[in-house]
Amino acid sequence: MIDATVTGSSLSALAAALDLAELGLRVRVVDTGDADQARDLAAADGDGVLQDFLDHVAAPLGGGEDPDEQASPLRVPPAPVWLPDVRGGWTRQPLPAVSGVPAVPLSHEALAILGGGAAFRAYLDRLKPLLTIGKTRRLGTLVDKRLGPRVRERLVEPFAVERFGVGAADVDAAVAAPGLNEAMSRAGALTGGVLAESERTVARETAVVPGGGWSALDAALRRKLRAFAVEFVDAGVASIERTEAGWRVHDVAGGSFETRALVLDAGRRVDAAWPDTDAETAEELDEITAAARTRVRARLRVTPPEAVPEHAGPLLQRVTVAGQGSAPSSVRNEVWSVRLELRETGHWVAELAGPSEEPGREQPPLPSAILAELLEAAGVSEAPGAEWDVLRVAAETPTLDERTRLRNAVSAFESRHAGSLLVVGRRVHGDSLAEAVRAAREESVPLRRHLTGIAE
């Protein structure tokens, strides 16, 4: 009998497979070919989770050999973005900053983006006493009170919409900027708290990428898995069912096999169906899906934008369009983020991120006209021969309460099948590659202990 079967090939799924196989367990991977990390140029890795895992993959099995440079991690510090200014051009975001909140409101960049009146209003934060220390939960409310609505609208909202798909008023400060409320209380002003937290923010926003790219990492990881006798099968999973010994997996080719444990790869795409299961398990999986937010992410090669300053970094802006509501006859405004970036290939690429839909809400189809309207509003158009890359994926949870509900839904499902089931993938971790890998490796520990007989 197979000790553990992994029903997918995302990075987090293969990470769990490696941790199991290194203990001598018999592991089978149902290869879907869905390397969900391949879209990312660099993945946020504030805690160093991905760096540690890439180092582990790159390390040679035998002594005396050099690490695999193609899989070895490269650290990528965050690049400052350029925002629309009051003159209709582009100005680099004021730095230091935390989630767009500036530490120096009267800097040249802040004056250009905010205007003199709003910049001076923000400067008064240094003189205003703290009346409710650490009590303001939402980031947007905190910025409005301390720095003024103009700072929120022009400096904070673009980052909140890009990361979370909602406005800053719907984002917990503890999620967007951990430690900022506490630092503000110590410094006596929000701008002082930003200055104190700026170095930690840079570390938190530093990303990682394999030396040879994500496809090279995938190849290196598969080589290491095969070295530990992990079996890859191409026939996809049709259905799974509980047995007295664990699970029975039925593949699309009509075959079946039994496995003691199951690593269920949720992947990244929220429109990807779970395997067919019994009614009770299917209902449990639906509970997980209902607890997760979703959003659309799209990418396209575009024509160069106009009036871009020389040596400018990525251009970020919010764009409002008329979107399709949840009812067929309703129309609601949607706020998207549009990031324009010049890649090393010499091509400009637009990264579009749609609004985050509340958990459990039925997702309307995406009208194709919205994408064209977004590009027009951003001042660019499709490059000749370019093709849209559009995915509906999980969205990062903007509040601590929602984050807890999603984690609880996954934990409750796993606990009902203790010792025989693990759910992994970006789909259940807010589309964060680092968080998905971290959870897969940490949560596989009890599964490994159970399968090796260390704990029952």
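Which residue follows α10, and what is the sign of its phi? In this predicted model, α10 is followed by alanine 229. The phi of alanine 229 is positive, near 65°.

Helix α10 itself covers residues 214–227, 14 residues in total. From its first C-alpha to its last, the helix reaches 20 Å. That span is close to the 20 Å expected at 1.5 Å a residue. Several α10 positions are buried, including Trp214, Leu217, Leu221 and Leu225. Charged side chains also appear among the buried residues of α10: Asp218, Arg222 and Lys224. Ala216 and Ala220 are buried as well. The cover over these buried residues includes both helices and strands. Among the helices are α1 (11–21), α2 (49–58) and α14 (433–451). The strands include β3 (43–44), β9 (207–210) and β10 (231–233).

The largest nonpolar core has 41 residues. Within this core, Leu11 and Phe53 touch the most other members. Helix α1 gives the most to the core, with nine residues. Another core lies apart from it and holds 34 residues. Ile113, Phe159, Val175 and Val194 are among the members of that other core.

Nonpolar side chains also occur at the surface. A nonpolar patch of about 530 Å² is made by Leu106, Leu111, Phe120, Tyr123, Leu124 and Leu127. Leucine 127 is found in the loop between α4 (116–123) and α5 (139–146). Leucine 127 counts as exposed because its relative accessibility is 63%, and the cut-off for exposed is over 50%.

Notes:
Residues numbered from 1 in each chain as written. Predicted model: local features only at pLDDT ≥ 70, side-chain atom pairs only at ≥ 80, totals over all residues. Heavy atoms only, no water. Patch = residues over 30% accessible without salt bridge, like charges linked within 9 Å, V, L, I, M, F, W, Y side chains within 5 Å. Areas by Shrake-Rupley, 256 points an atom, 1.4 Å probe, with all protein chains shown as cover. Salt bridge = Lys/Arg side-chain N within 4 Å of Asp/Glu carboxyl O. Helix = DSSP H or I, 4+ residues; strand = E, 2+ residues; numbered from the N terminus. Buried < 20%, exposed > 50% of the residue type's maximum accessible area, 1.4 Å probe, protein only. Expected span 1.5 Å × (residues − 1). Contact = heavy atoms within 4.5 Å. Core = buried A, V, L, I, M, F, W, Y, C linked by side-chain atoms within 4.5 Å.
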